[in-house]
Amino acid sequence: MSWGTELWDQFDNLDKHTQWGIDFLERYAKFVKERLDIEQNYAKQLRNLVKKYCPKRSKDEEPRFTSCLSFYSVLNELNDYAGQREVVAEEMAHKVYGELMRYSQDLKAERKHHLQEGRKAQQYLDHCWKQMDNSKKKFERECREAEKSQITYDRLDNDINATKSEVEKAKAQFYLRTHMADESKNEYAAQLQNFNAEQWKHFNNAIPHIFKNLQDMDERRTVKLGETYRSFAEAERRVIPIITKCLDGMVSAAKAVDNKRDSSIVIESFKSGFEPPGDFPFEDFSQNLSRTGSDGTISNTPKGDRDRDGAPGPRQDPKHPMSRTKNKLWLFGKKPKWSVKMAPSLEDFSHLPPEQRRKRLQQRIDELSKELQKEMDQRDALNKMKDVYEKNPQMGDPSSLQPKISETICNMEKLRSEIHKNETWLAEVEGKQSSRGDRRHSADNHHHTPQGRESPEGSYTDDTSQEHHTPHKRSSPPQPGQPNPDPHEFDDEFDDDDPLPVIGHCKALYSFDGQNEGTLVMAEDEVLYIIEEDKGDGWTRARKQSGEEGYVPTSYVEITMEKNSKGS
């Protein structure tokens, strides 16, 4: 059905209807705007909630319990869910709200154009009707005037007293009015014919065409509303798979909670490595008292006689193991200082219990080993590039890579020194744990024997997986320049205090600062004595002329070995 044929006389109502349609479209657009604002605020609140309950932590404070990890997984999934709500808001903003607002502006412009055309057609028809009505009124007026002149002429013509001139004048007036009436009649007929033609065009061509355009516009508006309803739903439908994955992730996180695993983590985290305390010995303080068999009174025997007659009562040996154990019963009694007040963090983690100290040292060794491997890879790459430059000088200057190579080697030596130092501490802890209650060597001078030449040989290898085979406690080498007559210690095979023999000498190619413990400071071109060869770890043990000993990088010196050094 067409508006032009059925509603040809409802221009004003169609004007109101089209305006209502645009108002309804804008109202729906406002609804979408408020909906996407809700989505944006919801997503923002979810992100703030996740941020609130997932604060930043350092690497050491990261939770390891499965319940905590699962909770943070839930928070991550919730953060992704908030992101999908933001996606919904963006889809609604661009594909629904934005489209509706643009289409509303287009509808307003189109409606205005069609209504202006309809008003112009109506104004033109009104103009034609006004012209026709004016010509009709003029024709009516001229006819009345002609009738009056005819009556006057007939009266004078029948009057015998009227003069001939009066009759002729009335006759001429009659003919004039009749002629003017005829002209008005013709003009009125023409205007009437024109108005009828324009009116037919108006109601059969102009108005149907305009109303058809308005009908098409209103139908397009209705279709657009249906499309935006679908887009409104599709914005939600498109994120449902991802939201489902987020919810599945939360369910998986819930399934990952393992109470047994958490219990084992608690044990691993707080296990001190101390042995449980033993039984307290019975301390009999009544052995110094002697009673008679009759009255049970205290004997008057002098103290000296008592000492001669009977041995004094046993006194608690301060070195008795139970005396030492007494202070460890801090679960029921006094806690050690490290548990009451946290001691300041030391480089060797000696403030921690043995088990925790071992874990921290092993963690640091692993991290340093990774850094060492990176430096070694960089050194190999630089050496390969240097070889390429030497074979093809046009590609680059080989000497330009030497400073970087030297810096990388220096970094490697520093890392090896750090690994060596930490492995020494680790061997000390493992030695305590594995030989608890066993022998303690050199108790008077508080020294413990290491495993051979453990420091560089067991630690400074390119393979970071090589560990100490027989862990023993070993004190870390002192800093160069400290007043220590023997900066290094020896294994059971080298219990003698004699210094190692000289097996060669070396010349320093570069200066070495010797900042790490156990290393030796040397200047460029300085000559040193070799007292122990490089065991494959990149370090050579040397001695200065002043008698100071320590390790130097093998790559930093030019070594000359003495003949028959083995015999010496």
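Here is a short walk through one helix and one sheet of this structure. The model is predicted, so local features need pLDDT of at least 70 and side-chain atom pairs count only at pLDDT 80 or more, while totals for chains, interfaces and linings use all residues. Residues are numbered from 1 along each chain as its sequence is written, and side-chain values use heavy atoms, leaving out hydrogens and water.

Let's begin with helix α5, residues 259–270 (helices are DSSP runs of H or I with at least four residues, strands runs of E with at least two, numbered from the N terminus). Its 12 residues reach 17 Å from first C-alpha to last, close to the 16 Å expected (1.5 Å times one less than the number of residues). At its start, a side-chain oxygen of Asp258 comes to within 3.1 Å of the backbone nitrogen of Lys260.

Which residues of α5 are buried? They are Asp262, Ile265 and Ser269 (buried is under 20% relative accessible area, exposed over 50%, partly exposed in between, with a 1.4 Å probe and protein chains only). Seen down the axis, these buried residues fall within an arc of 55 degrees, so they line one face of the helix (the arc is that of the directions from the helix axis to the C-beta atoms). Residues three or four places apart point the same way because an α-helix has 3.6 residues a turn. The face turned away from the buried side carries exposed Lys260 and Ile267.

Now for the sheet: 5 strands form an open sheet in the order β4-β3-β2-β1-β5, with antiparallel pairing (two strands pair if DSSP finds at least two bridges between them). β4 (549–553) and β5 (557–561) stand at the edges with a single partner strand each, so one side of each lacks a neighbour in the sheet. Further in, 3 bridges join β2 (527–532) to β3 (539–543), and Glu532 has Arg541 in β3 as its bridge partner.

Definitions and conventions. A polar contact is a pair of N or O atoms within 3.5 Å; within protein, one must be able to donate a hydrogen and the other to accept it, and residues adjacent in sequence count only if both atoms are side-chain atoms.
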